[in-house]
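Q: Hi! I'm new to reading protein models, so could you walk me through this one?

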Amino acid sequence: VPVTGPAWWVHSLGADKIGFKAWASQYVRVPRNHDEPGQVSHRLIRKPRFGGGSIGLELLTVDQVGVVGADTVVEEFIAGRIVTCCIYPRLARRMPLLTIEPNGPVVYDEAAKRGRSDVTYRPIPITAGWTEQVWTGSAHLYGLLGGCGPIRFDWIVEDPTGEPVLLEVNTNPGWRPKGNMGLIVSAAGLTYRALVESVIAE
């Protein structure tokens with residue numbers, strides 16, 4: 001059956017948050033696991049190992065961790081600016097980044113993502129500093145993953161260091177016109193139709 005986007009093994013790797021993080025840690029910084037040496041954060045993020053859409057993500061303290069099963073990720077909480085980067089050279093060499101800014105003390109969980117009223121989505125150009133680091137890191141990983149179809153990489157830019165930390169990859173990013181990828185394409189001056197037609201033709 002013909003499919004669009006990257007190879008099956010890329011989707012498989014991207015769907016496994018533990019496996020992908022282990023692979024990506026060879027090339028970029030990723031959050032430390034809760035039981036990893038050097039992990040000193042008192043706040044942690046817990047989320048399912050598989051699945052997307054921020055489903056099941058929650059913020060907790062070290063005392064609340066309990067038993068961690070094989071299908072659960074518990075990692076350090078990193079305070080900072082959430083930013084996502086879509087790499088798809090077939091459509092555009094560089095597209096703007098998209099910052100995801102909760103309005104108030106909101107964790108970007110499923111409710112915030114689906115409700116969207118508590119979150120501001122702001123496209124920003126790639127200039128220098130951390131924006132260039134995010135794009136360069138994403139483009140490098142995109143190449144290592146076979147460089148096919150649009151792939152979106154989610155980062156957090158740590159406060160106060162300004163260092164980008166890779167959170168996860170979306171090998172099949174949301175296809176809604178008003179989804180994150182649609183907003184990025186629109187900010188690049190391109191149409192959602194052009195995106196879909198490019199993917200189909202690839």
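A: Sure, below we go through confidence, the sheets, the core and the cysteines.

A: One thing before we start: residues are numbered from 1 along each chain as its sequence is written, and side-chain values use heavy atoms, with hydrogens and water left out. This is a predicted model, in which local features need pLDDT of at least 70, side-chain atom pairs count only at pLDDT 80 or more, and totals for chains, interfaces and linings use all residues.

Q: What is the mean pLDDT of the chain?

A: The mean is 88, and 92% of the residues reach 70 or more. The term pLDDT is the predictor's confidence in each residue, from 0 to 100.

Q: And which elements have the lowest and the highest mean pLDDT?

A: Helix 3 (residues 110-115) has the lowest mean, 60, and helix 4 (residues 130-144) has the highest, 97. Where pLDDT is low, the predicted coordinates should not be read in detail. Helices (H or I, at least four residues) and strands (E, at least two) are DSSP runs, numbered from the N terminus.

Q: OK, sheets now. In what order do the 5 strands of the open sheet come?

A: The order is 6-5-4-7-8, with antiparallel pairing. Strand 6 and strand 8 (164-170) are the edges, each pairing on one side only. From one strand to the next, the twist averages 25 degrees. Two strands count as paired if DSSP finds at least two bridges between them.

Q: How many bridges join strand 7 to strand 8?

A: There are 6 bridges between strand 7 (residues 151-158) and strand 8. As an example, Val157 has Pro164 in strand 8 as its bridge partner.

Q: Which strands does helix 4 touch?

A: Helix 4 packs on this sheet and touches strand 4, strand 5, strand 6, strand 7 and strand 8. Its direction makes about 45 degrees with that of strand 4. Axes are lines fitted to C-alpha atoms, for helices over the stretch in contact, and angles run from 0 to 180 degrees between N-to-C directions.

Q: What about the open sheet with 3 strands?

A: That sheet has the order 2-1-3, and its pairing is antiparallel. Its edges are strand 2 (58-61) and strand 3 (72-76). Strand 1 (residues 43-48) is joined to strand 2 by 4 bridges, and Ile45 has Leu59 in strand 2 as its bridge partner.

Q: Switching topic: which residues touch the most other members of the largest nonpolar core?

A: Leu97, Phe153 and Leu166 do, in a core of 43 residues. A nonpolar core is a set of buried Ala, Val, Leu, Ile, Met, Phe, Trp, Tyr and Cys residues joined through side-chain atoms within 4.5 Å.

Q: What is Phe153 in contact with, leaving aside neighbours within four places in sequence?

A: Its contacts include Val83, Cys85, Leu141, Leu145 and Leu166. Contact means heavy atoms within 4.5 Å.

Q: You mentioned a cysteine there. How many disulfides does the count come to?

A: The count comes to 0. A disulfide here is a pair of cysteine sulfur atoms within 2.5 Å. For Cys85, the nearest cysteine sulfur is that of Cys86, 7.3 Å away.

Q: Why is Cys148 not bonded to Cys86?

A: Because its sulfur is 13 Å from that of Cys86, the closest cysteine sulfur, which is too far for a bond.

Q: Last one: are Cys85 and Cys148 buried or exposed?

A: Cys85 is buried, with a relative accessible area of 0%, whereas Cys148 is partly exposed at 25%. Buried means under 20% relative accessible area, exposed over 50%, and partly exposed in between (1.4 Å probe, protein chains only).
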